[in-house]
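Student: Before we trust any label attached to a model, could we go through the reasoning behind each one, setting the value against its criterion?

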Amino acid sequence: MIVCKSSREIKFMVRAGKLAAQVQEKIAEIIAPGLKTQEIDDLAEDFIRQNGGVPAFKGYRGFPASVCVSVNQEVVHGIPGPRILKEGDIVSLDVGTLLDGYYGDCARTYGVGEISQSAHQLMEVTRKSLQEGIKMCQPGGYLSDISHAIQSFVEGQGFSVVRDYVGHGIGQAMHEPPQVPNFGPPGRGPVLKEGMTLAIEPMVNAGTHEVRVEEDGWTVVTVDGMLSAHFEDTVAITENGPEILTKP
Ligand code: MG
């Protein structure tokens, strides 16, 4: 069942979302060639705990870290560790926070030092596809209007959207119904209502949409080894349309 939140609950979600977005800002400041991905995780965990929150991904189904750090052909669920970022890499960070009983969830992809024009374009298309999806968060619209807006924008730019992983409802649980796919025809699925809170998260590949899971059991990579980018915001549907909750 889809849980619609009261305005009071959405105020709590604004706080959790703000914390997640602030983590992204903090990390963005230090991303540079030579940074160890473990350092990203340490900074994020410290910052979340100092602000009274809990890193929501740590221990989630056994995930061993606070932030998912996915580099280049890694799509999502990369595990931070000894890997050192180098000039020209792109790195996706997915940050989940739990604060006062509510969750926030956001992802961004960053360039490390100077990146190629094609990598930059992939990141921009992914970021804009999220905006296209968010625009469809209107009461009375359909859930799959979001999915369709993302897919048509991405494919119109010559990239592909991942099918195997999707966005989700969010609130007092990290993953609530409904699932929010980044593909599909418009006009389907539940009607969007005021108080629904969704984590919308296009994962966009430069090549084929196909992905597989690495031997660590977590890291999702593109099967063709080409780059992937990931942008996500937590969004509330209000009577006036979308309100992004993961804003610093
Ligand atoms: Mg998510």
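Tutor: What follows is a set of questions on this predicted model, each answered from a value and its cut-off.

Student: What makes Asp-105, His-168, Glu-201 and Glu-232 donors of the magnesium ion?

Tutor: A donor has to be an N, O or S atom within 2.8 Å of this metal. The atoms in question are OD of Asp-105, NE2 of His-168, OE of Glu-201 and OE of Glu-232, and they lie 2.1 to 2.5 Å from the magnesium ion, so they satisfy the criterion. Water is not among the atoms, so the site may look incomplete.

Student: How are the donor residues spaced in sequence?

Tutor: The pattern is D-x62-H-x32-E-x30-E. His-168 belongs to strand β7, residues 167-169, while Glu-232 sits in the loop between β13 (228-230) and β14 (233-238), so this pair ties together parts that are 64 residues apart in sequence. Both His-168 and Glu-232 are buried.

Student: How do you know that the chain agrees with a compact globule?

Tutor: For 248 residues, a compact globule would have a radius of gyration near 18 Å, and the chain has 17 Å, so the two agree. The C-alpha atoms fill a box of roughly 45 × 45 × 30 Å along the principal axes, and 52% of the 248 residues count as buried. The chain contains 4 helices and 15 strands. Among contacts between residues at least 6 apart in sequence, 70% join residues at least 24 apart.

Student: Why is Val-91 called buried?

Tutor: Buried means under 20% relative accessible area, and Val-91 has 0%, so the label follows. Val-91 lies in strand β4 and, leaving aside neighbours within four places in sequence, is in contact with Ile-31, Val-69, Ser-70, Val-71, Leu-85, Arg-108, Thr-109, Tyr-110 and Val-112. For Val-112, which is 21 residues from Val-91 along the chain, the C-alpha separation is 7.3 Å.

Student: What makes Gly-241 buried or exposed?

Tutor: The relative accessible area of Gly-241 is 0%, which is under the 20% limit, so Gly-241 is buried. This glycine lies in strand β15, residues 241-244, and touches Cys-137, Gln-138, Pro-139 and Ala-236, not counting residues up to four places away in sequence. The C-alpha atoms of Gly-241 and Lys-193 are 9.8 Å apart in space, with their positions 48 residues apart in sequence.

Student: Why does Gly-34 count as partly exposed?

Tutor: Exposed requires over 50% and buried requires under 20%; Gly-34 has 48% relative accessibility, so Gly-34 falls in between and counts as partly exposed. Gly-34 is placed in the loop between α1 (7-30) and α2 (37-50). Beyond its neighbours within four places in sequence, Gly-34 is in contact with Glu-39, Ile-84 and Leu-85.

Student: Why does Glu-132 count as partly exposed?

Tutor: With 24% relative accessibility, Glu-132 is not under 20% and not over 50%, so the intermediate label applies. Glu-132 is part of helix α3, residues 117-135, and its contacts, leaving aside neighbours within four places in sequence, are Ala-149 and Phe-153. Ile-150 is 18 residues from Glu-132 in sequence, and the two are 6.1 Å apart, C-alpha to C-alpha.

Student: What is notable in the backbone at His-77 and at Asp-100?

Tutor: Phi of His-77 is near 65 degrees, a positive value in a residue other than glycine, and phi of Asp-100 is near 50 degrees, again positive in a residue other than glycine. His-77 lies in the loop between β3 (74-76) and β4 (90-99), whereas Asp-100 is in the loop between β4 and β5 (102-111). The relative accessible area is 24% for His-77, so His-77 is partly exposed; for Asp-100 the area is 45%, so Asp-100 is partly exposed too.

Student: How do you know that the peptide bond joining Pro-177 and Pro-178 is cis?

Tutor: Omega is about 0 degrees for the bond joining Pro-177 and Pro-178, and this bond is a cis peptide bond. Pro-178 lies in strand β8, residues 176-180.

Technical notes
Residues numbered from 1 in each chain as written. Predicted model: local features only at pLDDT ≥ 70, side-chain atom pairs only at ≥ 80, totals over all residues. Heavy atoms only, no water. Donors = N, O, S within 2.8 Å, 3.2 Å for Na, K, Ca; no water. Helix = DSSP H or I, 4+ residues; strand = E, 2+ residues; numbered from the N terminus. Buried < 20%, exposed > 50% of the residue type's maximum accessible area, 1.4 Å probe, protein only. Rg over C-alpha atoms; globule rule 2.2 N^0.38 Å. Contact = heavy atoms within 4.5 Å.
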